[in-house]
Amino acid sequence: MKVLVIYTHPNHQSLSYSFLQKVLEGSRENPAVSQIRTLDLYEEGFNPVLIFNETKRRRDMHKDPALEKYREMLLWADKIVLVYPIWWGRPPAMLLGFIDQMFASGFAYRDKGGLLPEGLLKGRSVVCISSMKGPALYPLFWLNNAHKVLMRKALFRFVGIKRVKFFEFGNMESPKGKHEAKLDRVYRYFRTIAR
């Protein structure tokens with residue numbers, strides 16, 4: 001299994017970075033994982049801003065040469081792992097900008113003229129690891145699970161990825177946030193996953 005980890009947080013002293021380290025540690029100890037690649041969007045200097053004009057058209061985004069290496073990474077991976085904080089009930093703008101550009105028509109899906117497109121990223125699975133300041137049940141009861149609906153239904157199912165697992169951790173700025181237990185849970189998951 002080839003694992004691509006996409007990390008989206010500007011601070012390497014953050015709790016999100018600690019989750020990234022546990023993903024990598026568990027994956028390295030897992031005999032089912034043959035290769036691991038990490039993409040740190042902030043360190044990479046990824047530009048999340050969409051630009052469309054007379055020379056850069058939306059319909060051509062799937063073949064933009066500036067994005068070729070990222071397309072190659074997504075196609076290479078069997079499992080895509082996203083590590084990010086929840087800010088204002090959703091992933092950071094940096095990650096959303098990456099999604100806007102990478103999950104483009106012609107690469108991630110193809111319109112067939114019907115209600116739903118053909119997903120072109122079938123066979124992959126995704127794990128979303130997110131943390132937030134608010135309580136763990138806040139997104140469910142206050143936001144109708146908007147974050148999970150966005151990621152699972154509006155994005156991944158649309159491009160053909162049906163297996164999506166969430167680790168959505170709340171109370172992470174509290175001294176009672178059980179950080180070590182949550183970090184260990186992520187580590188143990190990646191140490192034992194088979195696909």
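Colleague: What relative accessibility does Glu25 have?

Modeller: This is a predicted model, in which local features need pLDDT of at least 70 and side-chain atom pairs count only at pLDDT 80 or more, while totals for chains, interfaces and linings use all residues. Residues are numbered from 1 along each chain as its sequence is written, and side-chain values use heavy atoms, with hydrogens and water left out. A residue is called buried under 20% relative accessible area, exposed over 50%, and partly exposed in between (1.4 Å probe, protein chains only). Glu25 counts as partly exposed, and its relative accessibility is 30%.

Colleague: With which residue does the side chain of Glu25 meet in a salt bridge?

Modeller: A salt bridge here is a side-chain nitrogen of Lys or Arg within 4 Å of a carboxyl oxygen of Asp or Glu, and a search of the whole structure finds seven of them. The partner of Glu25 lies three residues apart from it, about one turn away in helix H1 (residues 15-28), and is itself partly exposed at 23%. With an N to O distance of 3.4 Å, that partner is Lys22.

Colleague: How is the protein chain built up, and how many strands does it have?

Modeller: Helices (H or I, at least four residues) and strands (E, at least two) are DSSP runs, numbered from the N terminus. In that direction the elements run β-α-β-α-α-β-α-β-β-β-α-α-β-α. Alongside seven helices, the number of strands is seven.

Colleague: Which element gives the most to the largest nonpolar core?

Modeller: A nonpolar core is a set of buried Ala, Val, Leu, Ile, Met, Phe, Trp, Tyr and Cys residues joined through side-chain atoms within 4.5 Å; the largest one holds 37 residues, and Ile6, Leu82, Phe98, Phe103, Cys128 and Phe156 touch the most other members. At least two residues come from each of several elements, among them strand S1 (2-7), helix H3 (68-76), helix H4 (93-102) and strand S7 (163-169). The element that gives the most, with five residues, is H4.

Colleague: Is Arg71 buried or exposed, given its salt bridge with Glu68?

Modeller: The side chains of Arg71 and Glu68 meet at 2.8 Å, N to O, and they are separated by about one helical turn because they are three residues apart in helix H3. Glu68 is partly exposed at 43%. Arg71, however, has a relative accessible area of 5%, and therefore counts as buried.

Colleague: How many residues apart are Arg188 and Asp184 in helix H7?

Modeller: Arg188 forms a salt bridge with Asp184, the closest N and O atoms being 2.7 Å apart. Arg188 is partly exposed at 39%, and Asp184 is partly exposed at 32%. Within helix H7 (residues 179-192) they are separated by about one helical turn, because the number of residues apart is four.

Colleague: What is the area of the nonpolar surface patch made by Leu115, Leu116 and Phe158?

Modeller: Patches are made of residues with over 30% relative accessible area and no salt bridge, where like charges are joined within 9 Å and nonpolar side chains (Val, Leu, Ile, Met, Phe, Trp, Tyr) within 5 Å; accessible areas come from the Shrake-Rupley method with a 1.4 Å probe, and for residues only the protein chains shown count as cover. Leu115 is found in the loop between strand S4 (109-110) and strand S5 (118-119), and at 84% it counts as exposed. Together with Leu116 and Phe158, Leu115 makes a patch of about 360 Å².
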